[in-house]
Structure formats: C-alpha cells, structure tokens
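Q: I'm new to reading protein models, and I'd love a close look at one part of this one. Please start with a single residue and then show me the surroundings step by step.

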Amino acid sequence: MSKVRIYTLAKELGLENPKMLEILDGLGVSYKSVSSTIEEDTVELIRQIVDEENAAGGGTSAQSSAPITQSDEAAAAPSAPASQGTQSAAAGGQTATQTRQETAAASEVPHRAPVVTIMGHVDHGKTSLLDYIRKTRVAAKEAGGITQHVGAFEAQTSKGKIVFIDTPGHEAFTTIRARGANVADIAIIVIAADDSLMPQTREAIAHAQAAKVPMIIAINKMDLPQANPDKVKTDLTQLNLVPEEYGGDLIVVPVSAKTGEGVEDLLEYISLNAELEDLRADPKGKFAGVIIEGKVDKQAGVLATVMVQEGTLHVGDFLVVGENYGKIKAMTDSAGARIKEAGPSTPVQILGFSEVPTSGEKVSSAKNEHAAREVIAGRASDRRDAENAQVQRKLTLEEMMGPLSSVRTVNLILRADTQGSVEAIQGILARKESEDVKINVMLAGIGAPTEGDVLLAGTAEATILCFSVTAPGSVTKIADNKGVDIKSFRIIYELIDEVDRLIKGNLEPVFEEKYLGRAEVRMVIKHPRFGNIAGSYVTDGSLKRNAKAKVTRGKETVYEGTLVGLKRIKDDVREVQSGYECGINLDWDGVEVGDIVEASEMVEVQQA
Ligand SMILES: Nc1nc2c(ncn2[C@@H]2O[C@H](COP(=O)(O)OP(=O)(O)OP(=O)(O)O)[C@@H](O)[C@H]2O)c(=O)[nH]1
C-alpha cells in the first residue's frame with residue numbers, strides 16, 4: 001500500500017494545508033507535519049469526505065469557496081509548534097484545530113515571509129544553490145536591473161516570498177547570533193551527494209541546533225553519477241538526525257544546483273515549514289530589525305543592510321544601532337529598487353548611518369533625533385555601569401554554580417587528532433552524566449578548533465576541549481576577546497579531570513600559596529655559568545626546585561622569583577630538607593650573605 005504526503009493530497013484536492021490538517025484532526029489521525037505521510041485508506045476516506053462536502057455545497061474545497069485571503073489564512077493557520085519546527089502540530093492535550101482556533105482569535109497579526117540561511121561544508125554548493133534560486137526567482141526590478149550583493153535577497157515562489165541570507169556559511173549565522181540576535185527562521189544544510197557529511201556539515205548542524213532553528217537538508221549535486229543520497233541519509237542518522245522516510249522528523253530534499261532538479265521541492269518545503277512555524281510580525285507594530293551587513297561604498301558612503309523583523313521602516317526614520325544613530329536618507333530593496341517603506345521580513349539597504357554597523361547588531365527606531373540621542377546616552381551610561389559593576393561585583397553562589405536545584409548542562413566542543421580519540425573521549429564523557437548534570441557535546445570534530453567553534457562556544461557558553469591538537473594563534477586571540485576557554489591536553493585523563501572540574505560547577509580551579517620552608521644564605525658563590533649561587537642552610541621545612549622564592553633582608557623583601565636550581569654538594573637535587581646545606585640558584589645576582597630565602601608553591605584548593 002503506498003503512502004501519500006499530506007500536502008500532496010491537499011494540493012490534489014485543491015485544499016489549503018490548514019484545512020487538510022483540520023480534516024485529519026477531525027478523523028483523529030496523528031501526523032508530525034504537513035510533509036508527513038498518511039495511509040492509503042485514510043487518503044480514500046478524505047477523498048470521500050471532500051466529495052461529499054462538495055456535493056452538499058459545503059465548500060470544503062478551496063475550488064468551491066472564495067480564495068483564501070491573508071487574514072483567512074491567518075485564521076486557519078496551524079499553531080506554532082515549539083521552535084523545533086518539524087515537530088507535531090498538535091500541542092499538549094489539545095487538538096491542533098482547537099489550538100489553531102485559539103491562535104486565530106488571539107492574533108490578528110499577519111504572517112511574514114520566512115528568513116532562510118544556507119550552511120554546509122566548503123564546496124558542497126551553497127553559493128551555487130543561492131545563485132540558482134536568485135537567477136530563477138528574483139525578478140530584477142526596472143531600476144538597477146542587476147541585483148547587487150546586499151547580504152540577503154527575496155525570492156518569489158508559488159507559495160509566496162522567501163528571504164535568503166546571501167552570505168553562505170555559518171560565520172554569518174554565528175556572528176549574528178553572537179550578538180544575541182536570531183535572524184534565520186530555517187537553516188538549509190547543504191550536503192554534496194558525492195561527499196556526504198564532512199566536518200563543516202557537522203559544525204553547521206551544531207550551529208542550527210544551538211540556535212534551535214529548524215533544519216532542512218538539501219542533498220546537492222544529485223546530477224553527478226556518483227551521487228549517493230542513501231549514504232548521506234544513513235550518515236545523518238548517526239548524528240541522531242533521522243530522515244522522514246526512515247521514520248524521523250528530518251526533511252531531506254535531493255537537489256542539483258546545476259540542473260535545478262529538486263529546487264522547487266526545496267522551496268516548497270521551506271514554505272511548508274514556515275507555515276508550521278506560524279511566523280507572524282506586525283507591520284504596524286514597533287520597529288525592530290537586525291544588521292545583516294555593513295560596508296563603506298566609495299561613492300555612497302556607509303551602507304547597511306537591515307532585516308526588518310517587526311514594524312515598518314520609512315525613509316526619514318531615525319534608527320539607533322548600539323551607541324550610534326542615523327536618519328534614513330534612502331532605502332533600496334535587495335533587487336536594487338528605491339523604496340519608501342519596508343515591512344517585516346524585508347531586507348533593505350539603508351543610507352544614513354555615519355558609522356559602519358556590525359552584522360548582528362540590533363536596530364531600533366526613535367521618534368526624532370533628540371529621542372535617538374537620549375537612547376544612546378542611556379545605553380552609554382548602562383554600559384559604563386555594567387563595566388564598573390563587573391569589576392566590583394562578587395559572583396553569587398548561584399551564578400557560579402548555576403541554578404542549584406535544576407539539572408545543569410555542561411556545554412562542550414571537542415576537538416581531537418583522530419576519530420578514534422574523539423570516540424574514546426565521548427565514550428568516557430557519556431559515563432560522566434548524572435541526574436544533576438548533563439554533558440552536551442555540541443560539536444566533536446577532528447583537527448584544531450576554528451573561529452566558528454569559538455563563535456559557537458561564545459553563544460552557547462561552551463568550553464572548547466582539545467586533545468592532541470592546539471588552537472592557532474588567530475583563534476586563541478578571538479577566544480580571549482570573547483572570553484571563551486580553549487583548553488588543550490595531551491593526556492586523555494587530564495582532559496577528563498577538566499571535565500570533572502566543569503561538572504563540579506564550572507569553576508576555575510582555585511590555587512593558594514603554601515609555605516614550604518626557609519633557608520639562610522651563608523656564602524655567595526660566583527658561578528661562571530649560573531651567576532651568583534647562594535650557599536645556604538635550610539632552617540625550616542624544605543626547599544623545592546621550581547618553587548616560588550622570596551628573599552628578605554631584615555624586614556625588607558628584596559627579591560621575588562623562582563628557585564630555578566638546587567644543588568647538594570655538586571649534584572642537582574629536587575628537594576633539600578631542613579638541617580642540610582645547599583646551593584640555591586635564583587637566577588638573580590643580588591643575593592647577599594644573611595638574606596633569608598623563603599620557598600612556597602601554588603596548590604589547587606579542592607572545592608566542594
Ligand atoms: N555537478 C554539480 N556541481 C555542483 C553543484 N553545485 C555546485 N557544484 C560545483 O561545486 C563546486 C563548489 O560549489 P560552490 O557553490 O562554490 O560551493 P560552496 O559550498 O558555496 O563553496 P564555498 O563558498 O567555498 O564554501 C563548484 O565547482 C560548483 O560548480 C551541483 O548541483 N552539481
């Protein structure tokens with residue numbers, strides 16, 4: 001018996017998807033999304049119902065009723081599932097129909113177009129796919145004609161508008177997220193059919209998961225003879241991502257950016273997903289947007305691409321970004337046409353800022369210049385307060401340990417030299433989980449950590465643990481700037497010890513100075529290679545090589561450093577006990593007879 005997808009049947013019967021879901025709810029049929037399949041006997045039953053209603057003039061079919069308008073559509077649209085998107089449309093205990101009706105009553109806010117980002121491994125075809133969609137779906141406006149790169153574009157499809165973020169790769173995605181903004185509603189993960197899952201594919205998936213953005217997999221390069229989509233699907237299941245045809249939630253669409261095969265299906269799936277997400281924004285509401293891109297154009301000056309998320313922008317509006325503001329002098333849409341206003345889910349290029357804004361910065365509007373200045377003054381003062389508070393404030397126990405009662409999650413990014421090491425470490429980590437602590441390995445990859453890892457770690461408050469690999473200097477620098485910890489180990493159990501520390505409470509190890517012993521300098525020996533050696537007598541405790549050393553002369557401390565060498569007679573030794581003579585090398589020539597050398601070491605304080 002063959003199964004049929006819900007949306008295919010809806011299309012065939014001329015029904016809108018929400019109407020079809022209503023019928024299914026009425027029949028008590030469970031489904032995950034409009035792309036779920038239903039049994040043939042259910043299909044027959046639905047056909048009969050629709051025929052009967054049509055015969056009775058009931059108008060179930062869209063063919064026999066007036067075309068559905070935007071607000072009707074809003075009224076009948078499915079409820080928003082928890083941000084995972086492709087999950088069940090029925091919410092806790094209620095039927096989807098009930099939820100939809102309530103949503104409709106509560107919300108007059110119109111739908112908005114989905115914003116989509118494309119991520120994937122290098123050379124898997126992100127740019128080609130975007131180019132194909134742009135070429136076939138973007139109607140070049142009269143003015144300008146040639147579309148220019150503004151960081152996003154709007155594609156027209158039979159199901160309405162879809163906005164694509166035009167900077168492929170997860171850098172763009174994470175830079176935006178790193179500033180606390182989430183601009184994408186759906187992530188397309190492109191995987192080449194001849195190459196399957198590669199390191200950056202896993203990274204891209206981890207980024208989408210961390211952002212809780214629903215994913216659609218596009219298996220690209222299907223035109224190639226060596227294309228092996230089944231391998232891609234099987235490999236995905238190893239990441240716990242189960243394609244729909246294997247009984248899971250994951251939508252997988254085979255495409256070719258070269259021939260265009262499957263691209264229509266991909267666009268359709270995006271629209272279906274958007275419909276399930278029930279994306280809405282009020283064009284009459286308060287304006288909110290995000291910077292997609294900022295640059296300086298030699299002729300025009302500072303240009304910023306802003307994604308309108310709520311409300312409407314007008315030429316002449318005052319905008320505030322961070323601690324800067326600007327007045328919109330001119331606005332163009334992504335096809336290069338001059339526009340006077342722009343509503344939700346519209347990427348617009350704006351002329352009017354004096355400083356180049358950074359991707360991911362949030363944009364708000366102000367009534368006039370005075371109000372804009374006030375907002376900025378308020379922000380500057382908040383920032384200064386926060387900076388001061390950071391210096392003065394002591395962390396509370398809860399801030400250090402996380403909420404005391406609930407389950408704590410330790411987010412980790414794991415990098416190792418070989419797949420074997422990655423698996424070995426993951427195996428050990430899995431056994432460390434307990435009822436109170438969940439270990440979330442967001443990304444486990446082979447090779448040195450990348451800038452992308454740091455951005456992901458920054459937004460997810462993860463620690464990057466490296467085994468037998470080290471971060472390049474450029475990556476360490478970014479990590480320092482962002483306050484992300486990268487820790488490298490050559491011994492697995494040291495790495496595991498670190499995880500134990502993180503489990504205990506994400507606390508930095510605390511060291512305290514422990515007194516070891518002291519010695520009196522009785523003679524100073526000039527050594528041809530090591531400089532002055534302090535011939536001494538240990539009067540208390542012991543001295544250890546590499547210990548911290550403090551030299552006092554009377555009440556005054558004359559030197560602080562390290563006890564770099566320790567000799568008994570002529571032999572180098574690690575430690576000399578009280579009651580013995582020894583030679584101390586402090587790598588300092590100022591030592592004098594009568595000085596007291598005090599040794600101490602830093603020991604880690606065990607924290608409860
Ligand atoms: N045969 C075939 N080749 C493709 C397809 N899509 C992309 N390619 C080729 O694959 C190569 C890489 O494509 P890009 O679109 O540059 O890949 P990308 O993922 O954007 O790569 P980066 O920007 O370097 O990360 C190019 O030579 C494309 O022509 C496809 O569907 N079929």
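**Starting from one residue**

A: Leaving aside residues up to four places away in sequence, Ile23 touches Ile46 and Ile49; two residues are in contact here when their C-beta atoms, placed from the backbone, lie within 7 Å. Before we go on, keep in mind that this is a predicted model, where local features need pLDDT of at least 70 and side-chain atom pairs count only at pLDDT 80 or more, while totals for chains, interfaces and linings use all residues. Residues are numbered from 1 along each chain as its sequence is written.

Ile23 sits in helix H2, residues 17-27. Helices (H or I, at least four residues) and strands (E, at least two) are DSSP runs, numbered from the N terminus. Ile23 counts as buried because it has 22 C-beta neighbours inside 10 Å. The rule is that a buried residue has 20 or more other C-beta atoms within 10 Å of its own, an exposed one 12 or fewer, and a partly exposed one a number in between, with C-beta atoms placed from the backbone. Ile46 is 23 residues away from Ile23 along the chain, yet their C-alpha atoms are separated by 7.6 Å.

Let's step back for a moment. The chain has 16 helices and 29 strands, and 39% of its 608 residues are buried. Among contacts with a separation of 6 or more, 71% link residues 24 or more positions apart.

Now to the sheets. Six strands make an open sheet with mixed pairing, in the order E4-E5-E3-E6-E7-E8; strands pair if DSSP finds at least two bridges between them. At the edges are E4 (152-157) and E8 (251-254), each pairing on one side only. From one strand to the next, the twist averages 30 degrees. Inside this sheet, E3 (residues 115-120) and E6 (residues 186-192) are parallel and share five bridges. One bridge partner pair is Ile118 and Ile188, the latter in E6. Helix H6 (residues 126-137) packs on the sheet, touching E3, E4, E5 (160-165), E6 and E7 (215-220), and its direction makes about 55 degrees with that of E4. Such angles run from 0 to 180 degrees between N-to-C directions, using axes fitted as lines to C-alpha atoms, for helices over the stretch in contact.

H6 also matters for the ligand's surroundings: with three residues, H6 gives the largest share of the shell around the ligand. That shell holds 17 residues, and Gly125, Lys126, Thr127, Ser128 and Lys258 come nearest; a residue is near a molecule or strand if its C-beta atom, placed from the backbone, lies within 6 Å of it. The shell divides into four nonpolar, eight polar and five charged residues. Here Ala, Val, Leu, Ile, Met, Phe, Trp, Tyr, Cys and Pro count as nonpolar, Asp, Glu, Lys and Arg as charged, and the others, Gly among them, as polar.

Next comes helix H10, residues 263-277. Its 15 residues reach 21 Å from first C-alpha to last, close to the 21 Å expected at 1.5 Å a residue; the expected span is 1.5 Å times one less than the number of residues. Twelve of the 15 residues are buried, so H10 is largely enclosed by the rest of the structure. The buried ones include Val263, Leu266 and Leu267. Just after H10, Asp278 takes a positive phi of about 55 degrees.

Further along, E9 (residues 288-297) pairs antiparallel with E10 (residues 301-310) over nine bridges, and a hairpin of three residues joins E9 to E10. In this pair, Ile291 stands opposite Val306 in E10. E9 also pairs antiparallel with E16 (residues 362-366), over three bridges, and there Gly289 has Val363 as its bridge partner. Four bridges join E16 to E12 (residues 318-321), again antiparallel, with Val363 as the bridge partner of Val321. The side chains of E16 alternate: Val363 and Ser365 point to one face and are buried, while Lys362, Ser364 and Ala366 point to the other and are not.
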